[in-house]
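Here are a few short exercises to work through with the model open beside you. Try each task before reading its solution.

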Amino acid sequence: FLAVGAAGVSAQSTGTISGRVSNAATFHNLEGAAVRLEGTGFSTATERGGTYQLQVPAGNYTLVVSYLGLDTETVPLAGQDGATVQRDFSLPWGIYQ
């Protein structure tokens, strides 16, 4: 992904962020986990099997992943134009740490 200015979305290059979300204690994949890019309108929920995919304009982002009862995780992401960034999450529950 490349940093972009305030140009229209149609003029921006895009990329994909995808991955899988699981429970760190049980190792089960989580359906319905919330995945969003902080400060943007881009968000989705994980599908059956814990997978997610977001098509987003190129740029630098903070990815936030949460699931009811488990700890939220945030990570910065950046990449190159047209690339797919793969980021899996294993969400912990504070009692297990």
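Two strands pair if DSSP finds at least two bridges between them. Keep in mind that this is a predicted model.

**Exercise 1.** Find out how many bridges join strand S2 to S3, and place the pair in its sheet.

*Solution.*
- Step 1: Strand S2 covers residues 34-37, and three bridges join S2 to S3. The cut-off is at least two bridges, so S2 and S3 count as paired.
- Step 2: The two strands run antiparallel, with Ala34 standing opposite Ala45 in S3.
- Step 3: The open sheet has four strands in the order S3-S2-S5-S6, with antiparallel pairing. Strand S3 (43-45) and strand S6 (73-77) are the edges, as each pairs on one side only. From one strand to the next, the twist averages 15°.

**Exercise 2.** Work out which residues have the most contacts inside the largest nonpolar core, then follow Leu63 outwards.

*Solution.*
- Step 1: This core has 18 residues, and Ile17, Val21, Leu63 and Phe89 have the most contacts inside it.
- Step 2: Elements giving two or more residues to the core include strand S1 (14-23), strand S4 (51-57), strand S5 (61-66) and strand S8 (89-91).
- Step 3: Leaving aside neighbours within four places in sequence, Leu63 is in contact with residues including Ile17, Val35, Leu37, Tyr52, Leu54, Val75, Leu77 and Phe89.

**Exercise 3.** Determine what lies over the face of Phe89, and count the aromatic pairs.

*Solution.*
- Step 1: Arg87 lies over the face of Phe89, at 4.5 Å from the ring centre.
- Step 2: For aromatic pairs, ring centres must lie within 6.5 Å; the count comes to zero.

Notes. Residues are numbered from 1 along each chain as its sequence is written. This is a predicted model: local features need pLDDT of at least 70, side-chain atom pairs count only at pLDDT 80 or more; totals for chains, interfaces and linings use all residues. Side-chain values use heavy atoms; hydrogens and water are left out. Axes are lines fitted to C-alpha atoms, for helices over the stretch in contact, and angles run from 0 to 180 degrees between N-to-C directions. Rings of Phe, Tyr and Trp (its six-membered ring) pair if their centres lie within 6.5 Å; planes under 30 degrees apart count as stacked, over 60 as edge-to-face and the rest as tilted. A charge sits over a ring if NZ of Lys or CZ of Arg is within 6 Å of the ring centre and within 35 degrees of the ring normal. A nonpolar core is a set of buried Ala, Val, Leu, Ile, Met, Phe, Trp, Tyr and Cys residues joined through side-chain atoms within 4.5 Å. Buried means under 20% relative accessible area, exposed over 50%, partly exposed in between (1.4 Å probe, protein chains only). Contact means heavy atoms within 4.5 Å.
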